[in-house]
Amino acid sequence: MALLEITNLTQRFGGLLAVNDLSVHLEGRELCALIGPSGAGKTTVFNLVSGFYQPSDGSIKIGGVDTRGMKPHQVTALGVARTFQNIRLWNDMTVLDNIKVSQHYRLGYSLMDSLMRTRRYIDREAAIDRTAMELLEFLGMRELANEFPPNLAYGTQRKVEIARALSIKPKLLLLDEPAAGLPSSDVVELIKLIEWIHKEFDLAIWMIEHQMTVVMSLCQWIKVIDFGATIAEGTPEDIRNNPVVIRAYLGDENI
Amino acid sequence: MLETIIQQGVNALQLGSYYSLIALGYCLVYGVLLLINFAHGDIFMVGAYIAFFCATAFLGHYGLIDAGMPGWIVLALTVPLTMLLTSGVGIFIERVAYRPLRLKGANRLYVVITALMMGIILQYGNLSMLGASRKAFPNLVPRVLFEIGGATVTSLKLASIVTCFLVFGLLQWIVTRTKIGMAMRAVSYDKFAVPLMGIPLDIVIVFTFFLGSSMAGLAGLLYAMNFPVLDPFMGALVGWKAFIAAVVGGIGDIRGAFIGGFLLAFLEVFVAATFSSELRDLISFTILLGILSWKPTGLFGKPRTTKI
Amino acid sequence: MSPRLTTPAALFALLLGLMALTQTGILGQYEQTILSTMGIYMILAASLNLVNGYMGEFSVGHAGFMAVGAYTSSVVGVYLFVPDPFFGQPLLPMDLAYLAFPLILAAGFVAAALVGLLVAIPSFKTRGDYLAVITLAAGYIVKSALENIDVVGGPRGFMGMKKVVMGMEEMISIPWMLIWIFIGVVFTVWILRRFVYSTYGKGVMAIHQDEVAAEIMSVNTNKMKLVAFMLSSGLAGLAGGLYAYLIGFVNPASFTILRSTECLVMVYLGGMGSLTGSILAAAIFTLMLEFLKPLEQLKWVAIPMLLIVLMQFRPEGLMGNRELSDIFPKLKRFYRFK
């Protein structure tokens, strides 16, 4: 059973056709990219997978489960986590809290438990705290636990956002332009980080990215879209020299 | 039966004209500043009082002017004076209370709270200064009765309705056909780009308050002429209702505010006629709540999308 | 003493101290009324802070929920213990009043929480200004509805609660209302603090700071909003119930937009998202209302003016979003209010 099965996905916003009959098949542990010129509809696809929009047509299945009608937090509970083009950390909460709150779908205690401070609450809170700290430790960010995101460097914030997504223990990690806004030294770090995450965690990574160094060095399979429809698909080698792709990005095949 | 319907219909149109005039003011300011000017209803009240003092002054009550001026002339003088002075109050509040916060880049919430407080200050300031006794607006113009389809309509009622439609027409023209109107619409789309394009943001905002407050003043005058008892809290309920009407219509679009005002008025008048007048507020608000729950950005509002 | 017991012990000592002061007459009727009012305002401010501060909404209808709680508690109490033209003879003897009182207050809490659904459900799809309108309308609807229910006196109001309080005092002559209000405040702070400090409760802050991220990071935003609104309005109902028995009389005119404004003033004065701030601000505000009494109507020019000045120069209020333990971290060693 495929991890992510998108079939004939179509999305209309009023008169605008944002996604046009897109189909994707992802198995576990793949590392793939979704690329295309600006406005091609890449983030829209991610938003559809996350459950933020309901598709006009077509279906999205995660681990065989059709996500139509599901709210985003329910999709997340299926094992899908994502980061955003513009970092969306909770700025008035500590890094540790950012990670702990992402555990909401499996807190394991109820409102009454939290008010009465039952045994279950105490145990579960301790477990959540422990898991969060372990994750931070694993990613080498233990000292940052009580920091607030705005005080951190942009690259570090990015890393925290990825950590937050990882805390969901996802089977599918969606990264929306993880290298956006990063200075080139940080991009090198990021490539290493993603490589490492892919090795250490049992998950598939699907990323949207404009920076070709990231895409070409990491991804096994690339899908190129423009105007919401697939225009090319293949290995980095295939894509690099594909005239259709070049034309879509640069307007002309002959550079 | 038909007469009652027409009668109530005219009443609703009249009530709607006040709500609309006030709602248009809310709408303009919200469109330009994304601010719910909670003090606006009380500016309506201030307008009514200004009209009162102007009219009584022209009638010679304070010894400034000799008594004996014909009612028509008093009215002709009071209208522009009221609108001007009321717009002055509105602009004053903008300069003193809202602008400093805007310049500081303060969170919109703080401005909203300031507006809410400003409204209360106007109410209680009035109460403290003028006391609790209500003022009676002088009768300026003899009432002429018309018969429409069996229902009697006073000239005053007609005047209110006609004025409201005229004002709306004028406003539509200003917003769509003049440069400053275009500037106002530009500001509502992107406040930051506007100064970069060489449009003086401050002037646009002052003009918006000028328009909105003078219309509230006009509404106050018309209201006072039709319901001649003034009290400091008259703006509160009418203001809130006009505001809710504007939001239901879809705040940000003057057509929405215009229709919202009449919609609310029709609801109120027919609920009061069908059920009881005590239930009027209750049922009107409940229906409004229902409409907002069904269409969260109002009937004509454009939903604001978040970019993810 | 172990840190765990410091807080309950201190509170108990405080309660005993208060009782001693009242019994010996040092705290007279006037002072007791002030303290009682202060307590009620503390509950109102803290409960509104959950929605306006932590969750970052703009609810301007808090008085409506207070009204629901006030009326519900009043009706239940009178129905059970006091002969009334409409409700008939009391069902229970007055000796049981003090036992039943928590239940009377609980009834107000539950009723108000249910009415909170009126606002909670629209909040799923609406935010910001539109939700403010809805809360405003809700407040008006409650007041208008109460004015139309003749059973509880309509616009004239409802009374009989004084008899319940007197009945309790006949049993044991202690300042019952002051005690109940004290317990109410402690309960409110206790519940809110536990909620807000748990990872569960932090979901509310996540919604405030970035709702989209919260939704996508597995927070069930609708459920959180429901819980927050119902908790907030329920506690307002608790305050309402206490208010009703303190004054002995309720009428719709006690629960207008002015009352809601008072709550707003306290929340922003104290600092959005600071429980300590709300408590402090409520105390200060109550005292301010007393000192400004000679000004009469001008009071209501002075107080809004204060808030305007606050918005200009210190919009984060007294405490911003910090708590007492953030300002005096050393205190943490001595107590653990968890």
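Start with chain A, and look at its contacts between residues at least 6 apart in sequence: 67% of them join residues at least 24 apart. Keep in mind that this is a predicted model.

**Stop 1: chain A as a whole**

Show chain A as a cartoon. You should find 10 helices and 10 strands. Turn the chain along its principal axes. Its C-alpha atoms fill a box of roughly 65 × 40 × 30 Å. Chain A has a radius of gyration of 19 Å, which agrees with the value near 18 Å for a compact globule, because that is what 255 residues would give. Now colour by burial. Buried residues account for 42% of the 255 residues in chain A.

**Stop 2: the two domains of chain A**

Give each domain its own colour. Domain 1 covers 4-88 + 156-250, and domain 2 covers 93-147. Domain 1 is thus written as two segments, with domain 2 given as one. Place a marker at each C-alpha centre: the two centres lie 28 Å apart.

Next, select the contact between these domains. Domain 1 of chain A puts in 10 residues, and domain 2 of chain A puts in 11 residues. Stay on the domain 1 side. Helix 2 (72-77) and helix 6 (154-166) of chain A are the elements that give two or more residues here. Which helix gives the largest share of this side? Select helix 6 of chain A, which supplies five residues. Colour the domain 1 side by residue type, and it splits into five nonpolar, three polar and two charged residues.

**Stop 3: where chain C touches chain B**

Bring chains B and C into view. Their contact takes 36 residues from chain B and 32 residues from chain C. On the chain C side, pick out helix 6 (128-148), helix 12 (257-270) and helix 14 (299-313), the elements that give two or more residues. Helix 6 of chain C gives the most, with 13 residues. By type, the chain C side holds 23 nonpolar, six polar and three charged residues.

**Stop 4: the largest nonpolar core**

Now select the largest nonpolar core, a set of 284 residues. Those with the most contacts inside this core are I22(B), L24(B), Y26(B), A48(B), A45(C) and A137(C). Highlight helix 1 (residues 2-33) of chain B, which gives the most to this core: 17 residues. Then go back to chain A. Domain 1 and domain 2 of chain A each provide at least three residues to this core.

**Last stop: A48(B)**

Zoom in on A48(B). What does A48(B) touch, leaving out residues up to four places away in sequence? Select G220(B), L221(B), Y223(B), A224(B), L230(B) and M234(B).

How values were computed:
Residues are numbered from 1 along each chain as its sequence is written. Chains are lettered from A and ligands numbered from 1 in the order in which they are written. This is a predicted model: local features need pLDDT of at least 70, side-chain atom pairs count only at pLDDT 80 or more; totals for chains, interfaces and linings use all residues. A nonpolar core is a set of buried Ala, Val, Leu, Ile, Met, Phe, Trp, Tyr and Cys residues joined through C-beta atoms within 7 Å. A residue is buried if 20 or more other C-beta atoms lie within 10 Å of its own, exposed if 12 or fewer, and partly exposed in between; C-beta atoms are placed from the backbone. Helices (H or I, at least four residues) and strands (E, at least two) are DSSP runs, numbered from the N terminus. Domain bounds come from an automatic or database domain assignment. Two residues are in contact if their C-beta atoms, placed from the backbone, lie within 7 Å. Ala, Val, Leu, Ile, Met, Phe, Trp, Tyr, Cys and Pro count as nonpolar, Asp, Glu, Lys and Arg as charged, and the others, Gly among them, as polar. The radius of gyration is taken over C-alpha atoms; the globule rule is 2.2 Å times the number of residues to the power 0.38.
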